[in-house]
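Q: I am new to this structure and would like a close look at one part of it, namely the empty spaces and what surrounds them. Please explain each term as you go along.

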Amino acid sequence: MSTDPAPDPVRRVSREEFDALFAAVRTWGRWTPADRGAWNRVTPDHVRRAAALVRSGTAVPLGLPWDTRPGPDNDRPALHYMSDLGDVEAPEPATHKDFLGTDYHGKAVSHLDALSHVAYRGLLYGGRPAREAVGAGGARFGSVAALGPFVAKGVLLDLPAVLGVDWLEPGQAVRAADLLAAERALGVTVDEGCAVLVRSGRFRRRRELGPWDVGAAGAGLHVDAVPLLAERGIALLGADGDSDLRPSPVEGLHSPVHALAVAAMGVPLLDNLDLEGLSAACAGAGRHEFMIVVAPLDVPGGTGSPVNPVAIL
C-alpha cells in the first residue's frame with residue numbers, strides 16, 4: 001500500500017483466480033439458521049467478552065447524517081419532509097411529524113447488507129438460486145429480518161493512523177500484509193466472531209477536498225486480503241467506504257469483496273461508516289478494540305437496512 005498521491009499499480013485478478021478464491025473461503029452448509037450466516041459465530045460468551053471491553057463508557061456513533069443533497073457520491077439522495085406542522089390534528093397538544101425515505105444501497109447512507117443483497121453466478125449464500133429467493137415482494141431467504149441485533153467485539157484497523165497520513169488515496173489497495181501490519185501497530189487481534197472496521201480516511205478527505213465519485217475510485221480491500229479475514233472467522237466487516245477497492249481488480253466483477261464476504265462467507269457488510277470520531281476516540285484511549293452494537297431495522301424481506309452502529313469504549 002503506497003502513501004504516495006499516485007497509488008501503486010494494483011494486481012489484476014482473473015475470473016478463474018477469483019472463482020478459486022470464492023471456493024476457498026466459502027462456508028456454505030456450516031450453520032443453522034443459514035440466513036444469519038457468520039452471525040451464528042457470535043455466542044453469549046462473545047457478547048460477555050465484548051461487554052468487558054467497556055471501560056470509559058464512551059459511546060461513539062458510526063452512522064452518517066441523513067443526506068438529502070445530491071452530489072457525485074450521492075446520486076440517490078435520501079428524502080426528508082414534514083408531513084404535519086401541528087395543523088393536521090386537533091390543536092392541543094400540537095404534534096409535528098416528518099417522513100423519511102431512502103434507496104440506501106449506495107455510497108451516501110450508512111447501511112447493513114444482509115445475505116440476500118449479493119448473489120454470485122446467480123446464487124445467494126448457501127447456493128440458493130437468487131431468482132427463486134428474491135422477488136418483487138422481497139427476499140424469502142437472507143432477509144435482514146433474519147439477522148436481529150449484533151453485539152460483539154469490534155476492532156478498528158485505522159490504516160491512515162498506522163501509516164502517518166491523513167487518508168488513503170482513492171484507488172489504493174489494502175492487502176493482507178497491510179491488515180497484519182495494522183494489527184501489530186495498533187496492538188489488536190482480529191479473532192473469531194468479531195467485527196472488523198477498516199478506516200481509509202474517506203470522510204476526512206471529503207471534508208477537506210470535497211466529494212468525488214467513490215464508485216469510480218475508492219480505497220478498499222484487494223480480494224487477496226479476504227482469505228486472512230476468512231481464516232480469522234470474522235462475523236462482520238465494515239468500512240468508511242463499502243469495503244471494495246474501486247476500480248475493481250477482478251475482471252468482470254464490480255464488487256468482488258461483496259461477493260466473497262456476503263455470498264461466499266455469509267458475512268454481512270457495514271457500508272459508508274463515519275469512522276473519524278472512532279479514530280479519535282481510539283487514539284485518545286490508546287486502544288483500538290471495543291464493544292460494537294448494530295441494530296438493523298426489522299424489515300421482513302429486506303435486503304439490508306440503514307443503521308447507526310455504536311462503538312462503546
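A: **The largest cavity and its surroundings**

About 140 Å³ of space lies in the largest cavity, and of the 16 residues that line this cavity, Arg202, Val214, Gly218, Ala219 and Gly241 are the closest to its centre. The model is a predicted one, in which local features need pLDDT of at least 70 and side-chain atom pairs count only at pLDDT 80 or more, while totals for chains, interfaces and linings use all residues. Residues are numbered from 1 along each chain as its sequence is written, and side-chain values use heavy atoms, with hydrogens and water left out.

Rolling a probe the size of a water molecule over the atoms shows where empty space is left. On a 1 Å grid over the protein atoms alone, a cavity is a set of points where a 1.4 Å probe fits but cannot get out, a pocket is an open set with protein on both sides within 12 Å along at least five of seven lines, and lining residues have an atom within 4 Å of a point. Grid points are joined across faces, edges and corners, and the volume is the space filled by probe spheres set on the points.

In its lining, the largest cavity has five nonpolar, four polar and seven charged residues; here Ala, Val, Leu, Ile, Met, Phe, Trp, Tyr, Cys and Pro count as nonpolar, Asp, Glu, Lys and Arg as charged, and the others, Gly among them, as polar. The structure holds four cavities of 30 Å³ or more, and the second largest of them contains about 90 Å³ of space. Of the 15 residues lining this second cavity, those closest to its centre are Val198, Ser200, Ala219, Gly220 and Ala239. Ala219 is thus named among the closest residues for the largest cavity and again for the second largest. The lining of the second largest cavity divides into seven nonpolar, four polar and four charged residues, and strand S9 (195–199) and strand S10 (220–221) each supply at least two of its residues. Helices (H or I, at least four residues) and strands (E, at least two) are DSSP runs, numbered from the N terminus.

Arg202, one of the residues closest to the centre of the largest cavity, also has a charged partner. Side chains of opposite charge can pair when their charged atoms come close. The side chains of Asp73 and Arg202 meet in a salt bridge at 4.0 Å, N to O, and this pair links distant parts of the chain, 129 residues apart, with Asp73 in the loop between strand S1 (59–61) and strand S2 (79–85) and Arg202 in helix H6 (residues 202–209). A salt bridge is a side-chain nitrogen of Lys or Arg within 4 Å of a carboxyl oxygen of Asp or Glu, and by this rule the count comes to 21. Both Asp73 and Arg202 are buried, where buried means under 20% relative accessible area, exposed over 50%, and partly exposed in between (1.4 Å probe, protein chains only).

Asp73 and Arg202 also appear together in the lining of the second largest pocket, which includes Lys107, Arg206, Arg207 and Asp274 as well. This pocket has about 200 Å³ of space, and its lining consists of four nonpolar, no polar and eight charged residues.

Strand S9, which contributes to the lining of the second largest cavity, holds Arg199, whose side chain meets that of Glu276 in a salt bridge (2.9 Å, N to O). This pair, too, links distant parts of the chain, since Arg199 is in strand S9 and Glu276 in helix H9 (residues 276–285), 77 residues apart. Arg199 counts as buried because its relative accessibility is 5%, and Glu276 counts as buried because its value is 13%.

Last among the spaces comes the largest pocket, with a volume of about 470 Å³. It is lined by 24 residues, of which His117, Val118, His254, Ser255 and His258 lie nearest its centre. Strand S4 (111–113) and helix H8 (256–264) each supply at least two residues of this lining, and H8 gives the most, with three. The lining of the largest pocket divides into nine nonpolar, nine polar and six charged residues.
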